[in-house]
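Work through the exercises below with the sequence and the model in view. Each task is followed by a solution in steps.

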Amino acid sequence: MLDQGVVSKATPSAVDLSWDAYAPSARYEISRDGKVVATLASGVSTYRDTKVSGGSKYRYNIVPLLAGEVSHPSAKMWSMSVGVPSPPAKQQSTAHSLQRQGLAHARAAAPGASTSLWWDTFIPQSRIDAPPVGCEYGSGYAFGGDGRTYSPLPQTFRTRVGVLITWYNKDVRGDWAIGETKVYRKSDGAVVSRKTASGSGMVARKLSSGSDYVGVRLETHASNPFCSVGAIDGGLTMHLKQVGHYSVISGNHRQMPNHHVYIQDYNDDGLVITDVYKRDAANPLCLIGTVTCPLANFFGSGSW
């Protein structure tokens, strides 16, 4: 429906509809599966439906009403089917849900209608030894890793931050998630504790936009919840163009753990995953500070 000025976004708890005004004074009648759910005031061209169920599909009709006009079968109408994603499973991140939603949105829309940008940090090993100082657990314990490669789907992570860009209106929706940290006793492999770090330092937002581009800012900051020093830390500014070009404007990060920035989109051949930036971890001391591990700069430009 992009060519007719109608777009939708869906989360497990809501469906958002927006459309180009049919006429300055038009009101709109919204129906879901044939039942009227709202009649909007003049000039309002957005609607949020919160009475939806995850995993369901709905048919929405948007009928413009001009002065003295009432809804009838021959009235001009926009009609669209919207799939509502299922809620994340227990202990599954909201960023996982957003990522799947972005892929589903791109798959259903015209090629190039939306694009997702993601930045993962991950520990490739399944476990790493706890540092000798600075943490609640030291010698004799290990912290859980992610046991994964640079392939982004489906994967666990230490941190994930990203945006879903809808090119029609340059809308940018950001989300982030932090993986749970587990502590293992090395003598018997038992899990002795688990925590999830605060996400107060995670940022995913739109900086700017123009006729053919969007500028975004991603920031990652998450400490090990069992340690008093160090953190996964960095910031990244990028420009992405609707025609499929990207460029890193600025940014740097600590060199622990592994860092992976990638773009997800659909074209006529299906899903396209484009690597923007990869960097392996230097060593665990990089989490202590820049004295033991200088910052690394992000770089890259290309197309997807």
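**Exercise 1.** Find how many residues lie between strand 13 and strand 14 in their hairpin, and which residue in the turn has a positive phi.

Solution. Step 1: strands here are DSSP runs of E with at least two residues, numbered from the N terminus. Strand 13 covers residues 181-185, and strand 14 covers residues 191-195. Step 2: the hairpin that they form has 5 residues between the strands. Step 3: in the turn, Gly189 has a positive phi of about 75°.

The model is predicted, so local features need pLDDT of at least 70 and side-chain atom pairs count only at pLDDT 80 or more, while totals for chains, interfaces and linings use all residues. Residues are numbered from 1 along each chain as its sequence is written, and side-chain values use heavy atoms, with hydrogens and water left out.

**Exercise 2.** Identify the partners of Val183 in strand 10 and strand 14.

Solution. Step 1: two strands pair if DSSP finds at least two bridges between them. Step 2: strand 13 runs antiparallel to strand 10 (residues 141-144), with 3 bridges. It also runs antiparallel to strand 14, with 4 bridges. Step 3: Val183 of strand 13 faces Phe143, and its bridge partner in strand 14 is Ser193.

**Exercise 3.** Locate Gly145 and list its contacts outside its sequence neighbourhood.

Solution. Step 1: Gly145 sits in the loop between strand 10 and strand 11. Step 2: contact means heavy atoms within 4.5 Å. Leaving aside neighbours within four places in sequence, Gly145 contacts Ile123, Gln125, Ser126, Arg127 and Arg158. Step 3: from Gly145 to Pro257 the C-alpha distance is 9.7 Å, although 112 residues separate them in sequence.

**Exercise 4.** State how many residues the largest nonpolar core has and which strand gives the most to it.

Solution. Step 1: a nonpolar core is a set of buried (under 20% relative accessible area, 1.4 Å probe, protein chains only) Ala, Val, Leu, Ile, Met, Phe, Trp, Tyr and Cys residues joined through side-chain atoms within 4.5 Å. Step 2: the largest one has 27 residues, and Leu117, Met238, Leu240 and Val261 have the most contacts inside it. Step 3: strand 16 (213-222) is among the elements that give two or more residues, and with 4 residues it gives the most. Step 4: another core, of 20 residues, lies apart and includes Trp19 and Met80.

How values were computed:
Buried means under 20% relative accessible area, exposed over 50%, partly exposed in between (1.4 Å probe, protein chains only).
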